[in-house]
Amino acid sequence: MSDRVAVVLCNLGGPDSLAAVRPFLFNLFSDPDIFRLPLGWLTQRPFASLIAWRRAPEAAHGYAAIGGKSPILEYTCAQAQALQQALADSGPFDVHVCMRYWHPLTDEVVAMLKQKNYARVILLPLYPQYSITTTGSAYNEFQRQCRRANYQPSVTLVRQWYDQPDYQAAIVNTLRAELKKFPDPDPARIELLFSAHGLPQKIVNGGDPYERQIRATYDALCAQLDWPHTTLCYQSRVGPLEWLRPYTDDVIREKAAAGVKQMLVYPIAFVSDHVETLFELGITYAELARAQGIAHYRVAPALNSHPGFIAALKSLVLNAVPAP
Ligand SMILES: C=CC1=C(C)c2cc3[nH]c(cc4nc(cc5[nH]c(cc1n2)c(C)c5CCC(=O)O)C(CCC(=O)O)=C4C)c(C)c3C=C
Ligand SMILES: [Fe+2]
Ligand SMILES: [Fe+2]
């Protein structure tokens, strides 16, 4: 067994071409941690096929508008490279990337880890807040693929880290820099929206801690920022169910009706830019805001490779390694 430690950055993944949109969505809707249908695979696969086929045109429209693919892999690989450098003097760490619904998929990553003979793996999902649909799903799939490959490393999961101080400081620092880009950079005259990825209310009612952890992140950031007008809201709902409220588009309309002219949006559940930040917030909601009379609407970039964020990831890795 190798005495090096594999650090695996887990993320959702995204289609690397327009042709990949439908199979990517099929993988997502096949995930029993997102939807679980009775009778398992017998009903899950046809259901996933149908929903992927129905959603593909709308999703492809979003990916087409941001260059024909998701940039999530590039951003995640850049984070992995920066983290590898940051960890260089701290121990025998090798940083890898693992995606849940598009390449490099978990089975490919597990085969590589097995081949390199790692005895220790730190799974670090790039989701600050825990949800069964994201971190839970990444962990379950990793364990399933390890069983399938007959590979039994010791696995440490970094379950949630929304309260990591360097992570929160990097967001505060990003928002203070964005503030200066407004024609009237007085926070009293800029509405600040924290927009999180939504979740079906049914999953929250079933005990998922995501909403509570999003709220705790929001409260901590507000305490540090001391910004007069802030709102927490939820974007990216899919399908007919009731999702967490208030919805971001409703909040944009309400604030515009109340006379807001400057708005800054921060994607609070994401640590890299992708279709939800670049298209949904950056194009669709920007058009909505302008049509409603908000003259200055900006979306802050996600943390991507912000040095403070890389320091946060380094600290999470070092805390996950038990003392010798
Ligand atoms: C339908 C159920 C979905 C749940 C529940 C869900 C939770 C969830 N997702 C993220 C982060 C991301 N989601 C992304 C894309 C995306 N998500 C869903 C569906 C659910 N997500 C779909 C169908 C898609 C594809 C795009 C679309 O059709 O609108 C992405 C972006 C990937 C990319 O292409 O770059 C991220 C990231 C979180 C944090 C979350 C739970 C709270
Ligand atoms: Fe999602
Ligand atoms: Fe306000």
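Two residues count as in contact here if their C-beta atoms, placed from the backbone, lie within 7 Å. The model in these close-ups is a predicted one.

**View 1. Met263 and its contacts.** Leaving aside neighbours within four places in sequence, Met263 touches Ile190, Glu191, Leu193, Lys255, Ala289, Ile294 and Tyr297. Met263 also turns up among the best-connected members of the largest nonpolar core, a group of 92 residues. Val7, Val8, Leu9, Leu123, Leu124 and Tyr266 share that billing, touching the most other members along with Met263. At least three residues of this core come from each of domain 1 (2–161 + 308–320) and domain 2 (166–299).

**View 2. The open sheet, four strands in the order E2-E1-E3-E4.** Pairing is parallel. Strand E2 (93–99) and strand E4 (154–157) sit at the edges with a single partner strand each, so one side of each has no neighbour in the sheet. From one strand to the next, the twist averages 25 degrees. E4 pairs with strand E3 (residues 118–125) over four bridges, and Val121 has Val155 in E4 as its bridge partner. Look for helix H3 (residues 72–86) too: H3 lies across strand E1 (2–11) and E2, running at about 170 degrees to E2.

**View 3. Where domain 1 meets domain 2.** The C-alpha centres of the two domains are 25 Å apart. Domain 1 puts 26 residues into the contact and domain 2 puts in 23. On the domain 1 side, helix H2 (41–65), H3, helix H5 (132–148) and helix H11 (307–320) each give two or more residues. H11 chips in the most, with five. By type, the domain 1 side splits into 14 nonpolar residues, 11 polar and one charged.

Technical notes: Residues are numbered from 1 along each chain as its sequence is written. Chains are lettered from A and ligands numbered from 1 in the order in which they are written. This is a predicted model: local features need pLDDT of at least 70, side-chain atom pairs count only at pLDDT 80 or more; totals for chains, interfaces and linings use all residues. Two strands pair if DSSP finds at least two bridges between them. Axes are lines fitted to C-alpha atoms, for helices over the stretch in contact, and angles run from 0 to 180 degrees between N-to-C directions. A nonpolar core is a set of buried Ala, Val, Leu, Ile, Met, Phe, Trp, Tyr and Cys residues joined through C-beta atoms within 7 Å. A residue is buried if 20 or more other C-beta atoms lie within 10 Å of its own, exposed if 12 or fewer, and partly exposed in between; C-beta atoms are placed from the backbone. Domain bounds come from an automatic or database domain assignment. Ala, Val, Leu, Ile, Met, Phe, Trp, Tyr, Cys and Pro count as nonpolar, Asp, Glu, Lys and Arg as charged, and the others, Gly among them, as polar.
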